[in-house]
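Hi,

Here is the structure I promised to pass on. Have a look, and my notes follow underneath.

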Amino acid sequence: MSETSSALAAAGHMLERSRWAARAYATYSARDVDRIVRAVAEVAHANAAKYAEWAVRETGFGVVEHKVRKNEACSRGIVDTYAGHDFVTPRIDHDAKIVEVPRQAGVVLALTPSTNPVATVYFKVLLALMTRNAVVISPHPMAKECCHDAARLLAKTAVEAGAPDGVVQCVAEPTIPLVEALMADVRTNVILATGGTSMVRAAYGSGNPAIGVGPGNVPVLVDATADVRAAAKRLVESKAFDNSVLCTNESVLIVEEAVADRLTREMERAGAAFLDADGAQRLRDYMFPLRRLNVDVVGKDASWIAQQAGIRVGPRTKVLVAPFDVAIPEEPLTSEKLSPVLGMIRVPDAAAGIATARAIVRIAGAGHSAAVHSSDPATVMRYAAEVPVLRVSVNVGNSTGSSGLDTNLATTMTIGTGFVGRSSLGENLEPKHLVNWTRIAYNADAAEPMPTYDGLSPWEDHDRPVPAYPLASNDERAALPPLDRTSYLDRVASRIAATAPAGADAAFREDIRRLVAEELSHLIKG
């Protein structure tokens, strides 16, 4: 069997095991689910710093302390956000005479990116567990080691808390053929695709239900009514956050002429370096060779990018700002950058700023997000109505604003872009998107009563040990006791040794027993 065929066979076994786990987990009660979710969230939170450092070391992207914050937000923070939300217990609407019974998706295939690797693993695992789904993580190859280790830890914790074995699994060696096979397999019930455009399109074309997201390219407007000093500080902090690997980071700064000079000075005080025409051109040439983003800049700090581009800046520079004149597709600085580099354009008034933001999003980033710093609600309303995005952060850094870390939007690592962004999801991904509800609807006639369903539930608490995943009857390992493989080998070897010729001494029989046990051990490990 070829290496590819072997990997595909292993993937099939993984999905079958996941399907078994999903069926078992679908019978768990709300109390069971809460216990499992809390246990997994706590161990994830406790290891947030470990995996933040590991992710930066493995991928070369981002800032450790900022990844710690994301990991914490996507572990204990997720549990705190959804405390009191119940995705397990049937819901009763007495007035409408409707009872809703939750029906989970089943097997969730979760594709995770290299830019926010472990935070996305944490996030998708917890959402799956909250909704009684099994999840198979398929990490980006650049972040496979940290993701696989994190997923194994969460899986172990879930099982120890009472979840069925196989409820959390992770692909150890992701390849394109393998991921394509997982996406197209009938045992995959839904795909959560967070990553590049080609991967998201492949998910939608797989033939299975998919929730994918579009690329970001966030315009941010600073109008004449803004608190300029606060806006400057927030902009620099947001662009420097994890070296701008979140798709919600600002891409193009649009500033009203009346406050542009003040904003420039305040941003310089906060750590931004504004480039002259020559510096901006050097940056274009380095970042966009052949008019495509040079991926070497992704997640790198501003000083490193400046040095590579041949631009001299101070060692404490957090953000590079490159001015340009016209928002057109031919201008590379209007594109998503995934690095602490911000394009900047001046406009005469707020109306022109809104038109410019609309032009930016039409180039790339439709449906994603935008930001505005303003104290005029009329401007904010027009901005939200006219710029084709589905979330607008106001007076907050958009990296942490649209992702829900610093606003009351749902905390997420998956940003839906809706119809305008060619996505099936128009919100920040939440647990509710991984569960459907079967609706029991009674006759609306008041003369036809609905009996009481209060206290009724088809699920029961699981207080006993979880049965092991059933192996095939023709699999030799099926006969192995799960906790005492050595004693099994000894028993088999002893029976074989007993067939030695009559008169063989005890030492000879022991040698046979030892050799057979050793050989059986190697076969089983293989």
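**Cores and helix 14**

The largest nonpolar core holds 77 residues, and Ile-36, Val-125, Leu-129 and Val-167 have the most contacts inside it. (A nonpolar core is a set of buried Ala, Val, Leu, Ile, Met, Phe, Trp, Tyr and Cys residues joined through side-chain atoms within 4.5 Å; buried means under 20% relative accessible area with a 1.4 Å probe, protein chains only.) Helix 6 (residues 117-130) gives this core its largest share, 11 residues. Another core, of 34 residues, lies apart from it, and Ile-254, Ile-354, Val-361 and Val-387 are among its members.

Before going on: this is a predicted model, where local features need pLDDT of at least 70 and side-chain atom pairs count only at pLDDT 80 or more, while totals for chains, interfaces and linings use all residues. Residues are numbered from 1 along each chain as its sequence is written, and side-chain values use heavy atoms, with hydrogens and water left out.

Now helix 14 (helices are DSSP runs of H or I, at least four residues, numbered from the N terminus). Its buried residues are Ala-350, Gly-353, Ile-354, Thr-356, Ala-357, Ile-360 and Val-361. They sit on the same side of helix 14, because they cover an arc of only 160° around the axis (taken from the directions from the helix axis to the C-beta atoms). At the N-terminal end, Asp-349 caps helix 14, with a side-chain oxygen 3.3 Å from the backbone nitrogen of Ala-351 (a polar contact is a pair of N or O atoms within 3.5 Å, one able to donate a hydrogen and the other to accept it; residues adjacent in sequence count only if both atoms are side-chain atoms). After helix 14 comes Gly-365, with a positive phi near 95°.

Cheers

Definitions and conventions: Buried < 20%, exposed > 50% of the residue type's maximum accessible area, 1.4 Å probe, protein only. Helix = DSSP H or I, 4+ residues; strand = E, 2+ residues; numbered from the N terminus.
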